[in-house]
Amino acid sequence: MFYSLLITLVTFTTACKKEAQPEFLPGDKGELVVEFDNIVGGTDLQLNTGVYTNAAGEQFKISMLNYFISNIVLTNEDGSTYTVPRDSSYFLIKEENPHREIKLSNIPAGNYTGISFLLGIDSIKNTAPVGERTGCLDPAGDGAGMYWTWNSGYIFLKMEGPADAATSADKKFRYHIGGFGGYSSTTINNIKKFNLAVPAGSRAEVRKNKAHGPVIHILADAGKVMNGSTNVSIAANTTVMFSPYSVNIANNYASMFSVDHVHND
Amino acid sequence: MRPIIQSGIFQVLTIMVGLVLMGAACSKNGDDALTPMPLKVPSNFPAATYALDRNPITKEGFELGRKLFYDGLLSRDGTISCGSCHIQGSAFTHHGHDVSHGIDDRLGVRNSPAIMNLAWNRFFFWDGGVFDLDLQPLGPIENPVEMDEHMPHVINKLKQHKDYPALFNRVFGPGEINSDKLLKALSQFMLQCVSAESKYDKYIRNEGAQLTTDELAGLTIFKQKCATCHSTDLFTDNAFHNNGLTPTLFNDSGRFRVTLQPQDMHLFKTPSLRNVARTAPYMHDGRFLNLQAVLDHYSGGIQNSPTLDPLLKPNGLPGLPLSDTEKAQLIAFLQTLTDDAFLRNPILAEQ
């Protein structure tokens with residue numbers, strides 16, 4: 001009696017679910033957009049004009065902010081993950097560009113609540129044959145200026161700007177941070193991995209045939225490049241490129257990204 | 001009328017299909033017409049390290065690479081080509097220049113290295129910062145004291161050139177010129193810069209050459225005191241060592257610059273000794289003007305330091321003691337590494 005009741009209940013429940021309109025079907029694919037909104041502290045980054053103050057008390061402007069985002073993985077609300085195919089997972093974000101968003105297509109329909117990515121380029125791509133360096137990875141193409149030709153490897157983050165405290169002849173600080181761990185002998189590794197959750201209660205709803213994919217809106221705080229576990233003084237470190245000190249800046253930028261919100265329409 | 005029209009259309013289609021097939025056949029023949037120019041591996045060499053299957057050398061690709069190698073177009077103002085600092089008669093070094101002399105008379109900080117037997121090279125530049133021949137030309141092209149150009153500009157200049165688009169299409173098939181094709185063409189030329197026809201080679205391969213008594217004595221000393229680093233018939237171990245040079249005011253940190261590891265401070269890549277009699281001046285900064293000065297350094301000028309290679313302290317003290325006779329015999333042997341066939345090979349010269 002008990003079992004037959006249970007079976008009836010199960011059948012009834014299943015039947016109810018079947019009657020509801022499914023939001024998406026297995027095999028559906030859709031688009032998802034990741035927007036990188038560069039800020040400094042609590043204000044929108046104003047290239048060349050905004051005046052900011054670092055934790056060391058030095059004023060500066062930002063005339064260039066470029067960084068590589070790669071190896072994107074999305075986390076579904078059911079706990080499963082979707083890894084964006086490797087060769088479609090390298091992006092160069094430039095503040096000087098009008099659009100600072102990544103459009104991911106062919107994403108399995110579903111509700112996503114987390115995103116992980118690297119700031120930087122993994123060692124495999126850093127050592128890849130020249131024929132596999134296309135688009136933003138092409139030193140003669142979109143990747144121009146983001147590659148060290150004398151010490152083969154990509155510059156992961158490039159931030160420059162004028163500052164009175166700078167000791168360089170042109171009074172500009174230059175932070176060119178890279179280092180993938182070395183080809184044949186170990187050296188610094190400034191690749192940073194980010195695991196970001198969307199705010200509680202929100203989710204990115206990827207659906208087939210949606211006019212606009214859901215947008216995960218990420219805030220990228222360029223102020224964090226200078227402030228954090230090491231408060232960088234422009235006067236003491238006007239130029240930081242491939243050097244041991246660059247590790248401090250990478251440790252700072254390891255907390256520069258957060259998801260602000262998600263919108264689905 | 002209708003059947004006739006249909007028949008007419010059919011005929012036109014037949015002709016079109018025929019033309020397409022002919023076109024395909026022609027372009028196929030065009031591809032086939034590329035002449036393979038595989039790398040010849042000398043019998044006394046180890047296996048090549050360059051991934052030749054990724055960039056099969058053809059005569060046409062080699063010739064395009066040669067044209068690019070000798071073309072100032074690769075520099076900002078058209079004045080400096082690869083061949084400016086890599087002169088064939090000096091085994092593609094910059095004879096007489098301690099450090100490379102680039103655009104606007106700007107000086108680099110290091111001696112221009114030889115271009116030879118690069119298919120066997122595992123590292124490029126004195127500090128080994130580049131690990132793939134295909135990525136090497138980016139260095140001098142973009143270095144402000146060498147060619148001071150930007151790769152996107154180079155590609156644009158090539159695209160607008162009267163000859164290059166057709167040459168690239170011929171070698172790589174139709175499509176836009178890009179960095180992949182440019183760098184692979186340059187590699188095809190440089191890979192064919194093989195030096196393996198010296199007197200020593202003909203002696204070691206039993207091809208009829210005999211070494212003199214002094215040259216043989218030099219070879220014996222060489223094997224005892226030099227061949228650990230200048231190893232194999234490539235005369236390099238493709239590794240990095242501190243050979244006891246007193247740092248100059250510039251204080252070139254060498255391999256450290258690439259690895260940031262303290263044990264790599266002042267280490268430099270072992271250069272090959274092939275054609276060494278033609279590649280003066282010597283060392284990463286060209287500080288020694290002749291081979292005698294080099295041997296005087298190894299026998300009596302080595303400066304101790306925390307990273308000095310232990311091989312240069314065989315008795316606990318810095319230096320590889322060499323008598324004047326031994327130095328003369330070593331120099332006699334080193335001169336057997338001169339390869340005139342390579343230094344004068346007309347196909348490697350600017351055309």
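**Chain contact, cores and a helix pair**

In this predicted model, 24 residues of chain B are in contact with 19 residues of chain A (contact: C-beta atoms, placed from the backbone, within 7 Å). Four residues, the largest share of the chain B side, come from α5(B). By class, that side holds 12 nonpolar, seven polar and five charged residues (Ala, Val, Leu, Ile, Met, Phe, Trp, Tyr, Cys and Pro count as nonpolar, Asp, Glu, Lys and Arg as charged, the others, Gly among them, as polar). Helices are DSSP runs of H or I with at least four residues, numbered from the N terminus. Residues are numbered from 1 along each chain as its sequence is written, and chains are lettered from A in the order in which they are written. Local features need pLDDT of at least 70 and side-chain atom pairs 80 or more, while totals for chains, interfaces and linings use all residues.

Turning to the interior, the largest nonpolar core has 74 residues (buried Ala, Val, Leu, Ile, Met, Phe, Trp, Tyr and Cys joined through C-beta atoms within 7 Å; buried means 20 or more other C-beta atoms within 10 Å of a residue's own). Its largest share, seven residues, comes from α7(B). B:Cys193 is among the residues with the most contacts inside this core; beyond four places in sequence, its partners are B:Phe92, B:Ile115, B:Met116, B:Leu118 and B:Leu348.

Finally, the axes of α11 (291-301) and α12 (324-335) of chain B come within 10 Å and cross at roughly 130° (lines fitted to C-alpha atoms over the stretch in contact, with angles from 0 to 180 degrees between N-to-C directions). The two helices are therefore oblique (neither under 35, over 145, nor 65 to 115 degrees).

Note on methods. Contact = placed C-beta atoms within 7 Å. Buried ≥ 20, exposed ≤ 12 C-beta atoms within 10 Å, placed from the backbone.
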